[in-house]
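Dear colleague,

Please find below the structure that I am handing over to you. My findings follow directly after it.

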Amino acid sequence: LGRTKAVALVGSFVATALFYALLSLDLHRGIMLTAGVALAANVALSLVLGSSHGAQGAAFATLLAEFAGVAVAAAALARAHPDVLPSLRWSVTSST
C-alpha cells in the first residue's frame, strides 16, 4: 500500500509541474480537461478496484488516475507548445 501511494505521489509532482506550465501559457482548457479526466478516472477506478480489493485497490486507482492526468496534461502541452516539453530522445555521442 505504501509503495503504491509513493509512486502515485511521483505522478502528482509531475502533474503539478505540467499544470503550472499549462497555467502559465493560459491553456485553461487543457487544465480543465486534465482535471476532469483525472477525476473521472479516480472515481470510476476507485469504485471498481476499491470495492473488490479494498485499500490496495483504491491506492492503485489513485496511481492510475494520477498518471492518466499526467498523460492528458503532457498531450495538451505538446499540442499547444511542443517546444516546452523536454525531448525524450536519447543522443549517442562519440568521445573519440
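**Surface patch, core and overall form**

In this predicted model, Val7, Val10, Val14 and Phe67 form a nonpolar patch of about 310 Å² on the surface. Helix H1 (residues 2-24) supplies the largest share of the patch, namely three residues. Phe67, by contrast, belongs to helix H2 (residues 28-80). Phe67 counts as partly exposed because its relative accessibility is 36%, and partly exposed residues lie between the limits of 20% and 50%.

Turning to the interior, the largest nonpolar core consists of 10 residues: Ala15, Leu18, Ala21, Leu22, Leu27, Ile31, Val70, Ala73, Ala76 and Leu77. H1 and H2 are the elements that each contribute two or more residues to this core, and H2 contributes the most, with five. Leu27, one of the core residues, touches Leu22, Leu77, Ala80 and His81, when residues up to four places away in sequence are left out of the count.

As for the chain as a whole, the protein has two helices and zero strands. Its radius of gyration is 16 Å, well over the 12 Å that the globule rule gives for 96 residues, so the chain is more spread out than a compact globule. The C-alpha trace spans about 55 × 40 × 15 Å along its principal axes.

Of the 96 residues, 25% are buried. The accessible surface of the chain is about 6700 Å², and carbon and sulfur atoms account for 68% of this area. Among contacts with a separation of 6 or more, 65% join residues 24 or more positions apart.

Yours sincerely

Note on methods: Residues numbered from 1 in each chain as written. Predicted model: local features only at pLDDT ≥ 70, side-chain atom pairs only at ≥ 80, totals over all residues. Heavy atoms only, no water. Patch = residues over 30% accessible without salt bridge, like charges linked within 9 Å, V, L, I, M, F, W, Y side chains within 5 Å. Areas by Shrake-Rupley, 256 points an atom, 1.4 Å probe, with all protein chains shown as cover. Salt bridge = Lys/Arg side-chain N within 4 Å of Asp/Glu carboxyl O. Helix = DSSP H or I, 4+ residues; strand = E, 2+ residues; numbered from the N terminus. Buried < 20%, exposed > 50% of the residue type's maximum accessible area, 1.4 Å probe, protein only. Core = buried A, V, L, I, M, F, W, Y, C linked by side-chain atoms within 4.5 Å. Contact = heavy atoms within 4.5 Å. Rg over C-alpha atoms; globule rule 2.2 N^0.38 Å.
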